[in-house]
Structure formats: structure tokens, C-alpha cells
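Here is a short briefing on one structure. Keep the sequence and the 3D view open while reading.

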Amino acid sequence: MTPRLDATSLVVSDMAASLAFYRLLGLDIPADADAAPHVEVRLPGGTRVLWDTEDTVRSFDPGFTPPKGGGRIGLAFLCESPAEVDATYAALTAAGHRAHLEPWDAVWGQRYAIVLDPDGCEVSLFASAA
């Protein structure tokens, strides 16, 4: 057997805030998950996104300390068009989420923007510029 990527896991300080952010990106997350210590969502391609609170991680890793700073992991969301990149960026920042890089036309042929989720993880929004 060859290992295959099955899930991306996020450790969050505020479950409800993190889930609200990812709902704005279109993830179908049940409303009753906001108070859960662990949440899993299966994406259309079968890969899962997992969220665990810091307390949940400390329950099996007592020495866990949340990392400082960003840039350790980034999630990238494909948008249908450059206009959707701009609109999604505007919706996220209007909802109070931190902007990192405003939408721009990248030299590699994409419309691109980066917003930070509630825990400081970089979330890229991109679409083909063509």
C-alpha cells in the first residue's frame, strides 16, 4: 500500500470562529459543530478537512504549544473566475477576517489573493486569469 493524503487537520483556538470562516468559503459544515472539540468534513473529492481545538490536542499531547507566526501551512481555494476571487476576498474581509495580500494578477497567470483564517493560517484564493 502507498500512503495517500486523506485529510488536512487544523488546530484552532476558537472552533466556532474557524468554522464560520470556512463556511464563508463554501464548506458544508453543520451548524451544531460549533461547540464540538473535533469536527470532520468530507470534500467532494473525498479528502477530509479536520478541526481540533487546542484543548483536544493537549488531551493527547500535553506539551502542545500553538505555533507563533504564519506561513507554516496554507490552504488554496480555486475560484471559478477572477471576479469570484475579488468577491470572495471582499466578503471575507468585510466579515472581519484579516487580509494578507489583496487580489492581484500574478505573473504565473492567475488572479490571486490571501486572507488569514482566525488562527492566522494563510488561505489563498485563486482563479485562472485567462
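Asp 14 is partly exposed, because its relative accessible area of 39% falls between the 20% limit for buried and the 50% limit for exposed. The model is predicted. The points below start at Asp 14, then move to the sheet and the core.

**Around Asp 14**
- Asp 14 sits in the loop between β1 and α1.
- A polar atom of the Asp 14 side chain lies 3.2 Å from the backbone nitrogen of Ala 16.
- Asp 14 and Pro 37 are 23 residues apart along the chain. Their C-alpha atoms are separated by 9.9 Å.

**The open sheet**
- The sheet is open and has 4 strands, in the order β4-β7-β6-β5. The pairing is mixed.
- β4 and β5 (99-105) are the edge strands, and each pairs on one side only.
- Neighbouring strands of this sheet are turned by 15° against each other on average, direction ignored.
- β4 pairs with β7 (residues 122-128) in the parallel sense, over 5 bridges. Here Phe 77 stands opposite Leu 125 in β7.
- β6 and β7 run antiparallel and are joined by 7 bridges. Arg 111 has Ala 127 in β7 as its bridge partner.
- α3 lies across β5, β6 and β7. The helix runs at about 15° to β6.

**The two faces of β4**
- Side chains alternate along β4 (residues 74-78).
- Leu 75 and Phe 77 point to one face and are buried.
- Gly 74, Ala 76 and Leu 78 point to the other face and are not buried.

**The largest nonpolar core**
- This core has 27 residues. Tyr 22, Ile 29, Val 39, Trp 51 and Leu 125 touch the most other members.
- Elements that each supply at least two residues of this core include the strands β1 (7-12), β2 (38-42), β3 (48-53), β4, β6 (110-116) and β7. The helices α1 (15-24) and α3 (82-94) each do so too.
- α1 gives the most to this core, with 4 residues.
- Which residues is Val 39 in contact with, leaving aside its neighbours within four places in sequence? They are Met 15, Leu 19, Ile 29, Ala 33, Val 49, Leu 50 and Trp 51.
- Two names on that contact list, Ile 29 and Trp 51, are also among the core residues that touch the most other members.
- Leu 125 is another of those core residues, and Leu 125 is the residue of β7 that stands opposite Phe 77.

Note on methods
Residues numbered from 1 in each chain as written. Predicted model: local features only at pLDDT ≥ 70, side-chain atom pairs only at ≥ 80, totals over all residues. Heavy atoms only, no water. Buried < 20%, exposed > 50% of the residue type's maximum accessible area, 1.4 Å probe, protein only. Pairing = 2+ DSSP bridges. Core = buried A, V, L, I, M, F, W, Y, C linked by side-chain atoms within 4.5 Å. Contact = heavy atoms within 4.5 Å. Axes fitted to C-alpha atoms, helices over the stretch in contact; angles between N-to-C directions. Polar contact = N/O pair within 3.5 Å; in protein donor to acceptor, adjacent residues only side chain to side chain.
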